[in-house]
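Visitor: I am new to reading protein models, and I would like to learn how to go through one feature at a time. Could you take me through this one slowly?

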Amino acid sequence: MDITDSPDLPPRVLRSLFLHAPIRRRPRVVLQRLLELVDADTPPDGPDGPVAVLERRIAGLLGKEVALFFPTGTMAQQVALRVHAERSGRRAFAAHPYNHLDQWEKQGYNAVHGLRYHRTPDPHALMTAADLAAIGEPLAAVLWELPQRDLGGLLPEWDDLVEQVAVARSGGAAAHLDGARLWEAQTYYRRPFEEIAGVFDTVYVSLYKSLQGTRGAILAGDAITVAAAGVWRTRLGGAIPDAWPLALTALAGLDTIPPRMPAFRDHALAIAAAINADGLARTCPEPPQTPLFHVHLPAPKQAVERAGAAMLAEQGVQVFPRVRSLPDPRQCAFEISVGENAMEFTPDEVAGLIRELLARAA
Ligand SMILES: Cc1ncc(COP(=O)(O)O)c(C=O)c1O
């Protein structure tokens with residue numbers, strides 16, 4: 001029996017392994033949560049408003065002088081790189097080929113900000129200090145994404161990271177962190193957020209991914225850099241006055257999610273162990289370093305997409321929203337990022353779902 005009410009409606013997601021599944025994002029659910037977060041005296045803006053409180057809290061957590069709210073990480077990071085470029089008088093930055101700016105932002109860094117991008121050579125491995133040393137052109141900044149989402153949430157070992165940043169700095173580049181998922185990265189490094197953020201000049205964190213806010217981003221750094229970023233935020237139309245609903249949901253996430261991250265990571269490890277023990281699919285990395293990892297499947301992408309869509313339509317269970325192709329067309333992969341949604345599945349259940357997926361895709 002198909003659980004879809006009408007053939008015109010998309011299948012309703014009842015349970016999902018996907019972090020951003022719509023289950024917790026329906027407007028009514030969000031509005032109900034928001035009401036619990038305010039009282040009659042909560043100001044909409046000003047120094048005691050939710051946005052300013054959030055900025056101060058994240059600046060403190062990351063050990064930075066100041067932090068600034070942005071409507072999106074896309075805007076925050078392009079602005080951060082632009083400010084580093086203007087201060088250094090250089091136009092180029094370097095990053096791993098899978099960085100969000102080049103992959104998903106239609107090269108806004110160039111189209112909007114006139115910056116040039118150097119990709120490090122190996123898309124299938126993390127970047128190295130040698131990669132950075134070999135670039136040659138003086139850089140305004142180097143961008144690190146921790147963890148590297150498209151490599152299954154891989155992280156460089158701490159000493160490697162520190163060495164890479166030292167190489168960048170020795171050439172006069174600023175160090176910028178794409179910390180969209182810094183909360184996940186921290187579970188591997190097991191160092192205070194302040195120590196991890198302290199390696200970098202500027203840090204962006206997302207408010208709506210693992211923190212489960214509605215949308216938004218924070219850019220943190222020294223007061224001069226962040227003030228210059230604020231000018232660009234205004235120029236780009238990002239200084240929105242009524243951002244308090246976004247800040248409120250992010251504050252709630254900040255209170256509740258980071259303390260649960262170690263449990264998310266433990267559950268990710270248990271799920272991955274069950275998948276690998278089954279032997280049909282393999283996780284990458286094996287074992288995962290963070291709550292985020294990839295599952296590599298011995299089946300073609302389109303067949304897996306069809307199988308996943310059928311399971312969603314029949315059972316309301318979403319295994320993935322998107323399947324990734326791999327160089328071998330007989331294989332494909334998808335991401336699991338353990339948060340509240342995936343915590344509702346036992347490791348054996350997930351292994352069973354993958355068995356079913358592969359049986360249907362055969
Ligand atoms: C690693 C990473 N950086 C930056 C962004 C951009 O964030 P936003 O969606 O807030 O523009 C994303 C969004 O998915 C991301 O995954």
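**Reading strands, a helix and the ligand shell**

Guide: Let us begin with two paired strands, keeping in mind that this is a predicted model. Strands β10 and β13 run antiparallel and are joined by six bridges, and within this pair His 296 stands opposite Ala 333 of β13.

Visitor: What is the order of the strands in the open sheet to which they belong?

Guide: As a general idea, strands of a sheet pair through backbone hydrogen bonds, either parallel or antiparallel. In this structure the open sheet has four strands in the order β9-β10-β13-β12, and the pairing is antiparallel. Because β9 and β12 stand at the edges with a single partner strand each, one side of each is left without a neighbour in the sheet.

Visitor: How should I read strand β2, and is it largely enclosed or left open?

Guide: Four of the five residues of β2, which covers residues 66–70, are buried, so the strand is largely enclosed by the rest of the structure. Strand β2 pairs with β8 (residues 217–221) in the antiparallel sense over five bridges, with Leu 68 standing opposite Leu 219 in β8.

Visitor: Now for a helix: what span should α12 have, and what is the distance between its end C-alpha atoms?

Guide: The reasoning uses a rise of 1.5 Å a residue, so the 18 residues of α12 (residues 261–278) should span 26 Å, and the end C-alpha atoms are indeed 26 Å apart, which agrees. The buried residues of α12 are Phe 264, Arg 265, His 267, Ala 268, Ile 271, Ala 272 and Ile 275. These residues cover an arc of only 165° around the axis, which puts them on the same side of α12. They pack against several elements, including α8, β10 and α15, and after the helix comes Gly 279, whose phi is positive, near 85°.

Visitor: Where are the cis peptide bonds that join Leu 146 to Pro 147 and Cys 284 to Pro 285?

Guide: To read such a bond, look at omega: for Leu 146 and Pro 147 omega is about -10°, and for Cys 284 to Pro 285 omega is near 0°. Pro 147 is found in the loop between β5 and α7, whereas Pro 285 is found in the loop between β9 and β10.

Visitor: Finally, which residues surround the ligand?

Guide: Among them are Thr 72, His 100, Glu 145, Arg 149 and Asp 178. Sorted by class, the shell around the ligand has two nonpolar, five polar and three charged residues.

Notes
Residues numbered from 1 in each chain as written. Predicted model: local features only at pLDDT ≥ 70, side-chain atom pairs only at ≥ 80, totals over all residues. Near = placed C-beta within 6 Å. Nonpolar A, V, L, I, M, F, W, Y, C, P; charged D, E, K, R; others polar. Helix = DSSP H or I, 4+ residues; strand = E, 2+ residues; numbered from the N terminus. Expected span 1.5 Å × (residues − 1). Buried ≥ 20, exposed ≤ 12 C-beta atoms within 10 Å, placed from the backbone. Arc of directions from axis to C-beta. Contact = placed C-beta atoms within 7 Å. Pairing = 2+ DSSP bridges.
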